[in-house]
Amino acid sequence: MEKSVQSKIDAVWNTFFAGGVANPLTVIEQITYLLFMKALDEVETNNEQTEQLLGVKFNRIFDEEHQDCRWSKFKNMSAPEMFKTVSERVFPFIKNLQPSKESSFSRYMESAIFVVPTALVLEKVVTQLDSIPMKERDTKGDIYEYMLSKLSTSGDLGQFRTPRHIIRMMVELIKPTPNDTICDPACGSGGFLVEAGEYLREEHKDLFNTESLKHHYNNSMFYGFDTDSTMLRIGAMNMMLHGIDNPNIDYKDSVSEDNKDEEKYSVILANPPFKGTIDTERTAPNLLKVCNTKKTELLFLALFLRTLKIGGRCACIVPDGVLFGSSNAHKSIRKEIVENNKIEAIISMPSGVFQPYAGVSTAVMIFTKTTTGGTDKVWFYDMTADGFSLDAKRTKVAENDIPDIIERYNNLDKEIDRARTDKSFFVTKDEIASNDYDLSINKYKEIVQEKIEYENPKVILKQIMDMEEEFKKQLKELEELL
């Protein structure tokens, strides 16, 4: 994203903060609402121009009664008039838009609240946003990503924003296709779904030339669930700003008995919450049969197995404890994945990947649902660098294992003879089974201790004595000078 655009977003952000809106999520929400007000007017303007050129009729978003609700109208009003119009006319209008009026936004706006504090703040923010070019989908997406990057705290259940480059790595390892149905059952701001959509735009450009695939992309390819209504709105609008017209983003406790999904998705990409515990009375019984636990990180793995179609692929982030935990629940879910499905890879990530949110050590787990087994050997990779410093600042650095990970994963036939001392290697299923299905890389990686040759002690002693003599000599010369 251009520095000028970034600085303009910073200015909008600072205007909200100066106006007393300090919660970053609230700021993102309010900016989002205003961006959609702007986007609605742009859509209407484009439709009007197309009508004039081609004579094609479009359903109107703004009827005669609501022409004052258009961005191009209220942006030129005085501050008091603008505030009254936006708060009393525009915001209620957007909240009550129906899908028949070509709005994909309405179902995410039901519980939305307009909290821009004053007329002067609104006027300043509208003026600032109006100067930002928003017509390009990439620009909209970059702006949204930049705003989301300002979130620096994790949620109550241990959920936090996954870095975009880690998401991109996982998407490139899974390689979604135009026919896939993709789900993130703990979607938050929608990062995995957005990146999957971007990957498809880049790698399968022709999908938009086929009407059925284009319709699938915009309406039935992407599914995301969360229990945080604020993040649902942000996630849904994030996806729309990235050009996905009608994403299926809904409020749902994915591991509860309310979630009836079974064998529905062909791809799951997720970073589920790590430290939460769930009331077993609310947990879906068929998940508890696979993994009798209250721990969310284990229940989500059972959920992935239930909701994937046969042949469906999953790339998910798990805390290291999932890989080596000794409880019956930990062992049973690992055994289920290894023995009854096909696990392909464990990519161990350094603990700094999720700074500044958390310092937890994690890994990416990749597997395919088969229900009939198929695991022969598992590929392990020891990622030690991801292109950013592993401290809270996360500044760019040259060291980056991600290109190597993708290259090696796409050529696993060349990994067969790699030694356990290398960054990547295979471990057989039998060996894993004999170790209580331990999937932590440290269980199998071998570390070579370098032999250090020291000088003969007599030589070292002589060197010390010579240094002492030199020191005495220099002290004597200093004394003479004084």
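1. Let's start with a small group of rings. In this predicted model, Y33, F91 and F114 are joined into a cluster by ring pairs. Across the structure there are 13 aromatic pairs. One of them is the pair of F91 and F114, whose ring centres are 5.3 Å apart, with 40° between the planes, and this pair is tilted. Try finding both rings in the view above. F91 belongs to helix α4 (residues 79-95), while F114 sits in the loop between α4 and α5 (119-130). The two are 23 residues apart, and their pair links distant parts of the chain.

2. Are these two rings buried or exposed? F91 has a relative accessible area of 6%, so it is buried. F114 has a relative accessible area of 15%, and it is buried as well.

3. Here is another ring pair to look for. W379 and Y409 have ring centres 5.9 Å apart and planes at 50°, so this pair is tilted. W379 is found in strand β8 (residues 377-382), and Y409 in helix α15 (residues 402-409). With their positions 30 residues apart, W379 and Y409 link distant parts of the chain. Both W379 and Y409 are buried.

4. A ring can also have a charged neighbour. K377 lies over the face of F426, and the distance from the ring centre is 5.2 Å.

5. Now for the cysteines. A disulfide is a covalent bond between the sulfur atoms of two cysteines. How many disulfides does the count give here? The count is zero. C187 shows what that looks like up close: its nearest cysteine sulfur belongs to C183 and is 8.3 Å away, and C187 is in no disulfide. C187 is also buried, with a relative accessible area of 6%.

6. C316 is a good one to reason through. Why is C316 not bonded to C314? Cysteine sulfurs must be within 2.5 Å to count as a disulfide. The closest cysteine sulfur to that of C316 is in C314, at 4.0 Å, so it is too far for a bond. C316 has 0% relative accessibility and therefore counts as buried.

7. Next, turn to the surface. F471, L475, L478 and L481 form a nonpolar patch there, and together they have about 450 Å² of accessible area. L481 is part of helix α17 (residues 457-481). Its relative accessibility is 73%, so L481 counts as exposed.

8. Helix α7 (residues 164-174) gives another picture. This helix is mostly covered, with eight of its eleven residues buried. The buried residues in α7 are I166, I167, R168, M169, M170, V171, L173 and I174. If you follow the chain just past α7, you reach K175, which takes a positive phi of about 55°.

9. Finally, have a look at H330, a residue of helix α14 (residues 328-340). Its relative accessibility is 9%, so H330 counts as buried. How far apart are H330 and E297 in sequence and in space? They are separated by 33 residues in sequence, and their C-alpha atoms are 9.8 Å apart in space.

Note on methods. Residues are numbered from 1 along each chain as its sequence is written. This is a predicted model: local features need pLDDT of at least 70, side-chain atom pairs count only at pLDDT 80 or more; totals for chains, interfaces and linings use all residues. Side-chain values use heavy atoms; hydrogens and water are left out. Rings of Phe, Tyr and Trp (its six-membered ring) pair if their centres lie within 6.5 Å; planes under 30 degrees apart count as stacked, over 60 as edge-to-face and the rest as tilted. Helices (H or I, at least four residues) and strands (E, at least two) are DSSP runs, numbered from the N terminus. Buried means under 20% relative accessible area, exposed over 50%, partly exposed in between (1.4 Å probe, protein chains only). A charge sits over a ring if NZ of Lys or CZ of Arg is within 6 Å of the ring centre and within 35 degrees of the ring normal. Patches are made of residues with over 30% relative accessible area and no salt bridge: like charges are joined within 9 Å, nonpolar side chains (Val, Leu, Ile, Met, Phe, Trp, Tyr) within 5 Å. Accessible areas come from the Shrake-Rupley method with a 1.4 Å probe; for residues, only the protein chains shown count as cover. A salt bridge is a side-chain nitrogen of Lys or Arg within 4 Å of a carboxyl oxygen of Asp or Glu.
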